[in-house]
Amino acid sequence: MPNTEELQLAGLRVHALRPDAAIARGPLSVVVLLHGFAVPGTDLISVVNELAVPPNTWLLFPEGPFDLGAAWGENLLGTRGWWETSAGRLHLARLTGQVRLAEQYANEGIESVRPVMASLLDEIQSEFDLASERVVIGGFSQGAIASLDT
């Protein structure tokens with residue numbers, strides 16, 4: 001089982017999983033996985049056992065900057081997003097088959113997270129002394145959109 005620790009990078013809480021061998025040396029590479037909308041920042045940690053990563057690779061799971069509980073009420077406490085989206089408009093566009101409109105609504109607000117993602121990647125490279133080709137970024141749902149937009 002990898003060691004888990006919590007870091008602060010680019011103003012985000014980041015859950016880090018590192019192999020035992022990485023304690024003294026630091027990572028040789030980093031995989032950053034961005035969670036989807038309206039889930040806890042730890043949501044993708046459960047996929048760790050399914051990943052085949054090179055030895056001494058750290059896995060980082062940052063929490064999105066948008067706190068849904070604070071914005072939309074206590075039934076969403078502990079859930080995060082990468083940017084605020086109009087879930088109602090998006091859902092209606094999907095239900096009515098308006099694909100282009102749904103795509104527009106899904107991506108509305110993405111520009112707010114671009115500087116956060118740029119800072120996060122810069123800080124990861126600086127903190128771990130890694131070249132950009134040693135950092136892989138991916139995600140699920142809204143996190144996948146953010147990773148592709150980065």
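The points below comment on a predicted model, beginning with its confidence and then turning to its largest pocket and to three individual residues.

1. Confidence. The protein has a mean pLDDT of 87, with 92% of its residues reaching 70 or more. Across the elements of the protein, confidence is highest in β7, at 97, and lowest in helix α1 (residues 22-25), where the mean is 58. Where pLDDT is low, the predicted coordinates should not be read in detail.

2. The largest pocket. The space in the largest pocket comes to about 240 Å³, and its lining is made up of 11 residues. Those lying nearest the centre of this pocket are Phe37, Thr85, Leu90, Arg94 and Ser141. By character, the lining divides into six nonpolar residues, four polar ones and one that is charged.

3. Where the lining comes from. Two helices, α3 (87-95) and α6, each supply at least two residues of the lining of the largest pocket. The largest share comes from α3, which contributes four residues.

4. Ser141. Besides being among the residues nearest the centre of the largest pocket, Ser141 has a backbone detail that deserves a look, since its phi is near 55 degrees, a positive value in a residue other than glycine. Ser141 sits in the loop between β7 (135-139) and α6. With a relative accessible area of 41%, Ser141 counts as partly exposed, because that value falls between the cut-offs of 20% for buried and 50% for exposed.

5. Ala38. A positive phi is also found at Ala38, where the angle is near 65 degrees, again in a residue other than glycine. Ala38 belongs to the loop that runs between β3 (29-34) and β4 (57-62). Its relative accessible area is 29%, and Ala38 is therefore classed as partly exposed.

6. Leu148. Is Leu148, a residue of helix α6 (residues 142-149), buried or exposed? Its relative accessibility is 75%, so Leu148 counts as exposed, the cut-off for that class being over 50%. Leu148 and Gly138 are separated by 10 residues in sequence, while their C-alpha atoms are 7.5 Å apart in space.

7. Reading the points together. For a colleague who wishes to inspect the model, the segment after β7 brings several of these points together: Ser141 is in the loop that leads from β7 to α6, α6 supplies at least two residues of the lining of the largest pocket, and the exposed Leu148 is found in α6 as well.

Note on methods: Residues numbered from 1 in each chain as written. Predicted model: local features only at pLDDT ≥ 70, side-chain atom pairs only at ≥ 80, totals over all residues. Heavy atoms only, no water. Buried < 20%, exposed > 50% of the residue type's maximum accessible area, 1.4 Å probe, protein only. pLDDT = per-residue confidence, 0-100. 1 Å grid on protein atoms, 1.4 Å probe; cavity = no way out; pocket = protein on both sides within 12 Å on 5 of 7 lines; lining within 4 Å. Points joined across faces, edges and corners; volume = space filled by probe spheres on them. Nonpolar A, V, L, I, M, F, W, Y, C, P; charged D, E, K, R; others polar.
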